[in-house]
Every structure is written in C-alpha cells, then in structure tokens.
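Work through these exercises with the sequence and the model side by side. Try each task before reading its solution.

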Amino acid sequence: MEHYMKIAGLKKKDLKDLGEDFSATNDKGKKIGFTNYYMEKDHKPFYGVSGEFHFSRCDAKRWEDELVKMKLGGITVISTYVFWNHHEEEEGVFEFSGNKDLRAFIKLCKKHSLDVILRIGPFAHGEVRNGGMPDWLYGKPFEVRQLNEGFLTYTKRLYIKIAEQVKGLFFSDNGPIIGVQLDNEYMHSSAPWESTTGISNEWVPTGKDGKAYMLKLKEIAEECGINPVFYTCTGWGGAATPDNMLPLWGGYAFRPWLFYSHHGKHPSTEEYVYQEFHNNEVPCVHDFQPSYKPEERPYACCEMGGGMFSSYNYRFVLPFKSVDAMANIKMASGCNFLGYYMYHGGTNPLGKHGTFMNESQAPKRSYDFQAPLGEFGQIRESYGRLKTIHYFAETFQEQLCSLVTVLPQGASTIEPNDLTTLRYAVRTDGKRGFLFINNYQDHEEMTKKSREQITLELETEKVVFPPIDIAADENCILPFHMELQGIDLITATAQPVTFVMTKKGVLYVFMRPEGMQAEFQFSKDAKINGTDSNRFVMDENRDAEVFFVEEGEQQIQILCVSREVSNNMYRLEGKGVLFTDAALLADEEGIQIESRKHFNQITTYPSDLLENSAYVTRIETDDDFVLGCYKSECRKVTIEPELKQVGESRYTVQLPIGLKKDIKDLILKIEYAGDIGQAFINGQLIHDNFCNGAAWEISVGTYLEQLENEPITIYITPLKEGVNVNVESAMAARIEEVEFMIGAISSICAEPVYELRVM
C-alpha cells in the first residue's frame, strides 16, 4: 500500500528557557536546565531515560549490581519512592538502615554516574500499604493529604528526616539528585486504608486543595533543605500541576485497577496509537488533558508501563514486546524524556507487627511487576529490546530532541482494534529525521505488514523508502538524511542504535527489525566496500554483516545485526560492542556476566575484542569474519531440591547444604496449579505469587545458611469451584463445602546463578 506524507512548511519552533525553577549550576560549573521542548546538560540537549527502582523493596546487597545492569541497559536516571511507612512504621521511630538506607543507595547512584529523581510523598501509591501512609495516621484528629496544621506538621517532620539522609547529595552539591516529586497523583488517585479492607473499605483521601497543596509541600520541602534542580508532579488525570513544577506523564496498557468493577475481557487501549503531545494546535486526546498549553512544557514521562503486577482479579502474562512498543510511541509523539514504572521489580519488606506492607489487591511480598529486570535481577526480553531504543536516544540525543512530530492524516484517530492500517509517524526538522513504525497493539493480534511504500515530501525533495515489511508485534525507527560523520544516509530500512569508537575507527550499529529487509541508500558520491555502489542490502540469512562506507576523506564502518542479536548487545566505549544473552556487569576490575548457565557464548565486534582476556576462550565459527566468538565457562553446580508433599496442597522443599560458596544466587522455579503460591521458612512468608500460568520464581540465595537447618514450606492456596458455607447449625458452626478444588505443584527445579569474569 502507498503512503504519502507532506512535511514541507513546518511551523518554526518557539524555543524558550523555562527559567530558574527548572535550572541549577553546581560548583564545578555543570549546568542542568530545561527548555519547553527538552532537558539540557551544559546547554546541550539531553534525552533522559528514567527507570523506577525501589531501594526499600530490594536487598541492599543487590543494589550495586542492579544499578549497573540498569546503566548498561541505557538508563540514565534512577527514580525511586521514599515510602513513608517503610521508614516510620511506628510513630516517631525512623529507620534508614539496611535495605532502607536511602543515603547509601543515593551514594551508589553517584558512584555510577546515575542521576536521581526522589519521590518523597507524603502519599506515594506504588501498591504499597495505604499508598505509603503509616497506619497510625488513620486515627489522628486530622485528614491526610489536606491543608491542615496537623498533617502538614507530620509531613514536615518526614521531610526533615529525608533531608538529613540526602544532605550534600543534590546536584548543587555535585550529587546525583536532580529532581524531587512531591505527593503523587494528587487529586487523581488514592489507595485503600488497608486496616479497613474487607470491612468498611475506606480509602485514603484523594485530596481537594489543588495547586495550593502542592505549592505548600514545595515550600516545606525547601525549608527542610530539599533543593533539587526541579520539582515534578503528576501530569495525568486532572492532577494538580503548578506552573513551577515539571508535569510528568505515562501510560499503562494493562490495567488491573479496572477489575475493581469491570467484568469480562480487558479492552484494547489507545496507548499504541501515535499522537502529537507537544502541539498547541492539536486537540488533546484520551488521558492527555494538560492544564497548560502543550508547548509550554516538555512532554516527559515517568510512568510508562515497564511491566505490570498481576492483581488478584486480573492475572496475565505481560507481553514483553509491549514495553519498547510504548517507548517507540511516546518518543514519536513528542516525548523527550522516557520514564518506566517499573524498570526493576522488588519485594515488599515485612511489617514489624504481623502486617504486610502491600496493597491488598497485589501479592503480599512480591512486587516483580514483570519488569525488564525482575525482582531478583532476572533479565527479561523487554530489557534487551529497550536497549535498542535507549542507546539510540542517548547516542543521537542532540539530533533527536530538536525534531517535531508530524503525523499522516488520520493517524491519531486509528481505533485500537484496527489491526490492518499501518501505524507510522515522523519526527523531523523538514530536512532530515526519523520514521517511526509500530505494529503492536495490546490485547489484540496484529497482522504482518507487507510492501508498505512510504514517501515523504520534504522542503526540497521527496524521500522514498524501499517497500517495507514488518512482522506482527514489531516496531522500529528508520532514518532519512541522517548524517554519519559527514556522510549522508538518505534512507535505511534498519534502525540506528549507537556508534562507538574502535581501533578501526567509527562504528555505527544498526538493527534489522523482524520481518524487514535491511537496505541502506547513501548519497551518490558514497562508495561501499571500495566499489562504486552507494547501496547495501543485508543478506537475509545472516544475523550480522559489516560494511565500510567512504565519501571523500570520510570513512565509517556499519555493523547491521538482527533484532535477536541486537537484544543481546552491550556497548564497550572505546573498544566495540559485545553480545551475550546473560546480564553484563562492570566494576573497577573489569567486566563480568551474570548467568544461570555455567557455559556462555559471547560474540564481539571487532572480532578480536577479547583476544587478550585470560577469562574466555576463542571459538571458531562460520561468522568469524564479522563477529568474534568466545566461551566463558565455570564448574557446573547441579542442585536437586527434595520436594515432599505434607498435606493436600502443602509441600516442603529441602536443599543440599554447603551451596553458598559455589554460586552467586539460587532461583527456585516452580510450576503449579492453584490460586496463590506462598513460600515460608520457619513460618515466615518469604515470597508469594498469584498464579497466572507462568513459572513462579523465588530467590533463596540470601536464605542458604538458614536452609541448612530449615526446609521451605510451600502452600498452594487451592482454586475452588462450587463453594458453599454451611451455616445450618444452631451452635454458630460454619463449614466450607467445595465441589472441586486444585492446588498442586507439578514440578520444581533449582537454577544456580553464576558470576563469571570476562575481562
């Protein structure tokens, strides 16, 4: 099908500095600021990528490795809640030690050059008990989330304690904290008072004092010494958005909250249709209803669905391709700051007095969120796919941030259940830019697209892309008139990912999207591999090809890899690129991989990148002329868990002793049928899972010493049919009668986690 877009005559940008409420300079002369289009660092466009990671929901011993994984995944900003009830569960008793050591966590972010946005409440939400409000507030003689002296006094006390923990760690002090969010979703959302759930079902107030409340919180925070570069607030849902705070947006396609009242199939959503979110002349749509003109502020996100929890009433396995598809949509629609909730899953801490710290619709301990990095650091397909977009955003941020969104006619009104119309958008300055294509839709099955012919009418010419094929559920970003070291790439049906310097010169890496033929068309004076041809087509049967392009005195290398290979890519600045399906880690001594396999294959470009490493061995392959192939190997640890049934749906798991010295962690992988899985050690709940058909994973690495003397007890809450409570007795007896129930483990295995040095 033919598609024609007229891009000539674009409206000129009215670029404005947002002023002192959104800028700061530290004593090293570094500056952060904002225009109404994008964030700047040292007066240059900065495309931020934020990932949510809750320090108090993770073992502190894991923090550093997990932050490194996030950084190597392309995250540049860490967003984290400071849950009030995690730190002051008992009135007047504040805890900032162990897994709640906020200062230690922020200092690790600084060590790894990661910026931080703190979300300090007082209300947070985050599926935590009471939305983060301590239980003891419920009985106080004032309403929470309102402008009254009682609540503001307690809020100020909280802010003072937070300020003590982060003193000297703000950007102005050369620290990593650049932003602070105050009360989350004020006048938009709330959470149950969990002590009333199942009885009166009362809710924490949503709030009614508008911008005045948010401004009062800002005043209190500043008085307490909380002075970031900028303050943020919730943008969506009619939330209060003061002019001196940066409104942040998001999008969730999988919505468990619907099932408080909704019955039946989850509807397909509007989240995968391109929009213009930064254009005063375009009507606002769906949940994007800002209280300001869209071009007055950058379109920035903090809560794009990096995953989603399974609630008790809505259980599903997240399609991992949904995550980068949303990133593609947001970026094309004008977003210059991506933010995921969650990027790293977590585990709720235990309450002190038998209470659980979760919201009751969610599991008591697990907050895995099916995130790109699981609660125990598991890497998911979404982690790999997102790297392709994150590396692109960081590498080409100065080009990307200045481009405006242009949509073909009717693009923003495509119905979510329209599975055949090609969804595409452009970001451009009228002369160059990027073509975005999305072929994913939540809760639907998209069709493969074939022979889509796209022509762009620019100011002085027409750019015609080769016929485009794209697989179902795939998305991509294709360049036109992209400058590569002074060489003009007219079009490519491959996605630019990054460039790195190697000993052979500048290397650009491109990704071939699923279902697409990768074709590169350069300016007429360019020469490919020393020939007179200016066109290169990648062999469809290869996963990686490299070619050289020359024009005048300029020469570059281009490595084009398949989507599958790209998902496994990591950049090694100044060296090249490395590919592994394991998690990559880095420290002062070098590079390691974290894997559940004792034998791992690693490929590199240049092919001799690991030639001098004493930790890997070269493997000869058919593709040696492109990628070098190496193996990393350690002693295999085989662990046979002993599973014993001790009740109708109750089991014990015994593990062999003496495991700790041989492995980094141990993951139990459980296949079961039932309602809820719960795991205990000596009567204490260590993990739980709402059955959704996927394997239930539990990390027991931190419990290995304890498990030398104690088994794990697993109870599968049964799924029941035909339930009746017999109350016919005259003596207040109640008997549950069930026609059928199932709660059983079908298999269990123990998978060691290894850490192997690579270089």
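**Exercise 1.** Which residue in β49 does Gln592 stand opposite?

*Solution.* Keep in mind that this is a predicted model. Start with the two strands. β34 covers residues 590-595, and β49 covers residues 744-757. They run antiparallel, joined by 4 bridges. Now find the partner: Gln592 faces Arg757 in β49.

**Exercise 2.** Place β34 and β49 in their sheet, then find the edge strands and the helix that packs on the sheet.

*Solution.* Write down the strand order: β33-β34-β49-β40-β43. These 5 strands make an open sheet with antiparallel pairing. Next, look for strands that pair on one side only. Those are the edges, β33 (583-587) and β43 (696-699). Then check the twist. Neighbouring strands are turned by 25 degrees against each other on average, direction ignored. Finally, add the helix. α1 packs on this sheet and touches β33, β34 and β49. The direction of α1 makes about 110 degrees with that of β33.

**Exercise 3.** Which residues of helix α3 are buried, and why do they line one face of the helix?

*Solution.* Take helix α3, residues 102-111. Buried means under 20% relative accessible area. Leu102, Phe105, Ile106, Leu108 and Cys109 are buried. Look down the axis of α3: its buried residues fall within an arc of 155 degrees, so they line one face. Now see what covers them. The cover includes α1 (63-72), α4 (149-166) and the strands β7 (77-81), β8 (115-119) and β9 (177-181).

**Exercise 4.** Which residue just after α3 takes a positive phi?

*Solution.* Step past the end of the helix. Ser113 has a positive phi of about 55 degrees.

Notes:
Residues numbered from 1 in each chain as written. Predicted model: local features only at pLDDT ≥ 70, side-chain atom pairs only at ≥ 80, totals over all residues. Heavy atoms only, no water. Buried < 20%, exposed > 50% of the residue type's maximum accessible area, 1.4 Å probe, protein only. Arc of directions from axis to C-beta. Contact = heavy atoms within 4.5 Å. Pairing = 2+ DSSP bridges. Axes fitted to C-alpha atoms, helices over the stretch in contact; angles between N-to-C directions.
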